Amino acid sequence: MSYQVKELNVKSTDGIHTLKGKIYIPSGEIKGLFHVVHGMTEYIDRYKMLFEAIATEGYICFGVDNLGHGKSTKDESELGFIARKNGYKYLVDDVLAVANEVKKEYPDKKYILMGHSMGSFIVRLAAPKFNGDISKLIVCGTAGPNPACDIGLFMIDVIKLIKGEKAHSLFTEGIIFGAYNKRFKENSKFAWLTKDSAVIDAYENDKYCNFHFTLSALRDLVTLNKLCNLDKWYNDLRKDLPTLLIAGDNDPVGDYGKGVKKVFDRLIKTGHTANIILYENCRHEILKDSLKEKVISDILEFINM
């Protein structure tokens with residue numbers, strides 16, 4: 001099925017920014033809406049291959065650059081800065097704002113939500129806010145509970161008091177992300193993303209990827225991870241919402257599959273409808289690794305069920 005691609009502009013819930021993204025509209029019968037939330041230090045156009053595949057199957061695909069990312073910033077100085085305080089709330093609420101904007105044009109279509117990495121934390125927290133108005137949830141490249149979250153938040157707050165919320169801290173980044181490359185031999189600090197060297201090279205040379213989070217944004221990241229792993233999230237999430245967890249078994253964000261499995265086990269224990277797929281020898285960006293075609297095929301199978 002053919003499709004057309006249009007710009008998507010939605011006012012952020014921060015009341016300041018306009019979220020900019022893309023919407024892929026199939027030419028034939030529309031099966032549903034497929035909404036993607038991207039991860040940390042990237043942007044929605046990196047999901048072009050996925051959007052093309054899903055749109056070809058008859059789904060309207062859409063997503064925007066998150067606050068502090070890509071073209072949703074007013075200028076490059078805002079890259080990596082979400083908000084002075086509680087930016088994580090805007091990130092979550094923006095998911096609903098974007099979805100509702102598209103739903104105005106296409107009411108009564110089933111709605112599927114997917115998030116990758118930091119986006120997986122965001123969609124996990126956004127999903128319960130839709131009440132019954134969500135059909136399926138795809139959680140990609142997520143992380144399980146981290147007992148060091150509270151220590152991390154305290155440390156960030158101390159450094160933020162000294163340096164300010166817009167400052168960068170390589171020391172803090174090192175503590176959070178420093179161990180991600182320990183299993184990989186490639187000469188790149190982004191080797192943990194994928195085995196595909198061309199993807200890594202492009203990432204390293206992309207101004208919308210190769211930037212640093214501010215201290216306030218790092219606080220938002222840690223807060224999102226903490227909140228989406230609390231008992232409250234499992235209690236709030238609809239038990240009959242079909243949820244698919246996908247990740248690489250060599251992804252350090254998900255503790256090489258163990259953290260993702262903890263989320264899945266907890267979902268099953270709390271009576272939720274969930275499934276899990278761990279892709280062999282794939283790293284964090286499974287949509288840009290050696291089994292990317294299989295990942296997309298599995299996503300299509302899940303949403304068409």
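This report walks through the sheet, the helices over it, some ring contacts and two unusual backbone angles.

Keep in mind that this is a predicted model, where local features need pLDDT of at least 70, side-chain atom pairs count only at pLDDT 80 or more, and totals for chains, interfaces and linings use all residues. Residues are numbered from 1 along each chain as its sequence is written, and side-chain values use heavy atoms, with hydrogens and water left out.

## The sheet

Let's start with the sheet. It is an open one with 8 strands in the order 1-2-4-3-5-6-7-8, and its pairing is mixed. Helices (H or I, at least four residues) and strands (E, at least two) are DSSP runs, numbered from the N terminus. Two strands pair if DSSP finds at least two bridges between them. At the edges you'll find strand 1 (3–11) and strand 8, each pairing on one side only. From one strand to the next, the twist averages 20 degrees; axes here are lines fitted to C-alpha atoms (for helices over the stretch in contact), and angles run from 0 to 180 degrees between N-to-C directions.

Here are some of the strand pairings, each with one pair of partners.

| Strands | Sense | Bridges | Partners |
|---|---|---|---|
| Strand 1 and strand 2 | antiparallel | 9 bridges | Lys 11 and Thr 18 |
| Strand 2 and strand 4 | antiparallel | 4 bridges | Tyr 24 and Cys 61 |
| Strand 3 and strand 4 | parallel | 4 bridges | Leu 33 and Ile 60 |
| Strand 6 and strand 7 | parallel | 4 bridges | Ile 138 and Leu 244 |
| Strand 7 and strand 8 | parallel | 6 bridges | Thr 243 and Ala 274 |

After strand 7, the chain passes through helix 9 (residues 258–269) to reach strand 8, and this β-α-β crossover is right-handed. That label applies if, with the strands pointing away from the viewer, the path from the first strand over the helix to the second runs clockwise.

Now look at the antiparallel end. Strand 1 and strand 2 make a hairpin with 6 residues between them, and Gly 15 in the turn has a positive phi of about 75 degrees. Strand 2 (residues 18–26) is mostly covered, with 7 of its 9 residues buried. Buried means under 20% relative accessible area, exposed means over 50%, and partly exposed is in between (1.4 Å probe, protein chains only).

How many residues of strand 7 (residues 243–248) are buried? The count is 6 of its 6. Both faces are covered: Thr 243, Leu 245 and Ala 247 sit on one side, with Leu 244, Ile 246 and Gly 248 on the other.

Which helices lie across the strands? Helix 9 lies across strand 7 and strand 8, running at about 165 degrees to strand 8. Helix 10 (residues 292–304) lies across strand 3, strand 4, strand 5, strand 6, strand 7 and strand 8, at about 160 degrees to strand 6.

## Rings and charges

Rings of Phe, Tyr and Trp (its six-membered ring) pair if their centres lie within 6.5 Å; planes under 30 degrees apart count as stacked, over 60 as edge-to-face and the rest as tilted. By this rule there are 8 aromatic pairs. One of them is Tyr 43 with Tyr 208: the ring centres are 5.8 Å apart and the planes meet at 65 degrees, so this pair is edge-to-face. Tyr 43 is in the loop between strand 3 (32–37) and helix 1 (48–56), while Tyr 208 is in the loop between helix 6 (197–204) and helix 7 (215–227), so the pair ties together parts that are 165 residues apart in sequence. Tyr 43 and Tyr 208 are both buried.

Tyr 111 and Phe 130 form a tilted pair, 5.0 Å centre to centre with 40 degrees between the planes. Tyr 111 belongs to strand 5 (residues 110–116), and Phe 130 to the loop between helix 3 (118–126) and strand 6, 19 residues apart. These two are buried as well. Elsewhere, ring pairs link Tyr 3, Tyr 24 and Phe 51 into a cluster.

Some rings have a charge over them, meaning NZ of Lys or CZ of Arg is within 6 Å of the ring centre and within 35 degrees of the ring normal. Arg 124 has its charged end over the ring of Trp 233, 4.6 Å from its centre. Lys 136 lies over the face of Phe 302, at 5.1 Å from the ring centre.

## Two unusual angles

Most residues other than glycine have a negative phi. Asn 86 is not a glycine, but has a positive phi of about 55 degrees. You'll find Asn 86 in the loop between strand 4 (59–64) and helix 2 (87–105), and at 30% relative accessibility it counts as partly exposed. Asp 108, also not a glycine, has a positive phi of about 65 degrees. Asp 108 lies in the loop between helix 2 and strand 5 and is exposed, with a relative accessible area of 81%.

Key. Contact means heavy atoms within 4.5 Å.
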